[in-house]
Amino acid sequence: MDAVEQVLVAEREWLLAHLHLDIPALERLMDSDYLQIDAGGAALGKEQTLASFRSGERHWDEAHSDEHHVRIYGNTAVVVGRWRARGENAGRPFDYQARFVSVWVLRAGEW
């Protein structure tokens, strides 16, 4: 399996971890310096992001990504894609589609 395929496998794991609220998988896939920019422009670190999943207030009916464009730069991969999600968060329904950029780093043979 080449690097692009490996990164797409990691992206699929990421998606399934969200859909199933698999906190251990999310913890494993997020680096200690993980950073997410939310819809309001706030920067959330790993622990803040995981806390939002641990709250029990989120439910996913649908989550998928497609239109992946992967670029490999040595031990770093940049993925641009499209994310689609539906569900409920803190009692409020959500249904959105967005473009995303994710950065993966190869460490100890794993993306």
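The exercises below work through the sheet, the core, the largest pocket and some backbone angles of this structure.

The model is predicted, so local features need pLDDT of at least 70 and side-chain atom pairs count only at pLDDT 80 or more, while totals for chains, interfaces and linings use all residues. Residues are numbered from 1 along each chain as its sequence is written, and side-chain values use heavy atoms, with hydrogens and water left out.

**Exercise 1. The sheet**

Task: Find the order of the strands in the sheet S3-S4-S5 and state which strands stand at the edges.

Solution:
- Step 1. Helices (H or I, at least four residues) and strands (E, at least two) are DSSP runs, numbered from the N terminus. Two strands pair if DSSP finds at least two bridges between them.
- Step 2. S3 and S4 (residues 76–89) are antiparallel and joined by 13 bridges. One residue pair here is His-59 with Glu-88 in S4.
- Step 3. S4 and S5 are also antiparallel, joined by 14 bridges. Trp-83 stands opposite Ala-98 in S5.
- Step 4. The three strands therefore give an open, antiparallel sheet in the order S3-S4-S5. S3 (58–73) and S5 (92–105) are the edge strands; each has a single partner, so one side of each lacks a neighbour in the sheet.

**Exercise 2. A helix on the sheet**

Task: Which strands does helix H1 touch, and what angle does H1 make with S3?

Solution:
- Step 1. Contact means heavy atoms within 4.5 Å. Axes are lines fitted to C-alpha atoms, for helices over the stretch in contact, and angles run from 0 to 180 degrees between N-to-C directions.
- Step 2. Neighbouring strands of the sheet S3-S4-S5 are turned by 15 degrees against each other on average, direction ignored.
- Step 3. H1 (residues 3–19) packs on this sheet and touches S3, S4 and S5; the directions of H1 and S3 make about 165 degrees.

**Exercise 3. The nonpolar core**

Task: Which element gives the most residues to the largest nonpolar core?

Solution:
- Step 1. A nonpolar core is a set of buried Ala, Val, Leu, Ile, Met, Phe, Trp, Tyr and Cys residues joined through side-chain atoms within 4.5 Å. Buried means under 20% relative accessible area, exposed over 50%, and partly exposed in between (1.4 Å probe, protein chains only).
- Step 2. The largest core has 24 residues, and Val-7, Trp-14, Leu-26, Trp-60, Trp-83 and Trp-104 touch the most other members.
- Step 3. Two or more residues each come from H1, H2 (23–29), H3 (46–54), S3, S4 and S5. H1 gives the most, five residues.
- Step 4. Beyond its neighbours within four places in sequence, Trp-83 is in contact with residues including Leu-15, Trp-60, Tyr-96 and Phe-100.

**Exercise 4. Positive phi**

Task: Where do Leu-21 and Glu-67 lie, and are they buried or partly exposed?

Solution:
- Step 1. Most residues other than glycine have a negative phi.
- Step 2. Leu-21 is not a glycine, yet has a positive phi of about 50 degrees. Leu-21 lies in the loop between H1 and H2 and counts as partly exposed because its relative accessibility is 28%.
- Step 3. Glu-67, also not a glycine, has a positive phi of about 50 degrees. Glu-67 lies in strand S3 and is partly exposed at 36% relative accessibility.
- Step 4. In the hairpin of S4 and S5, with two residues between the strands, the turn residue Ala-90 has a positive phi of about 55 degrees.
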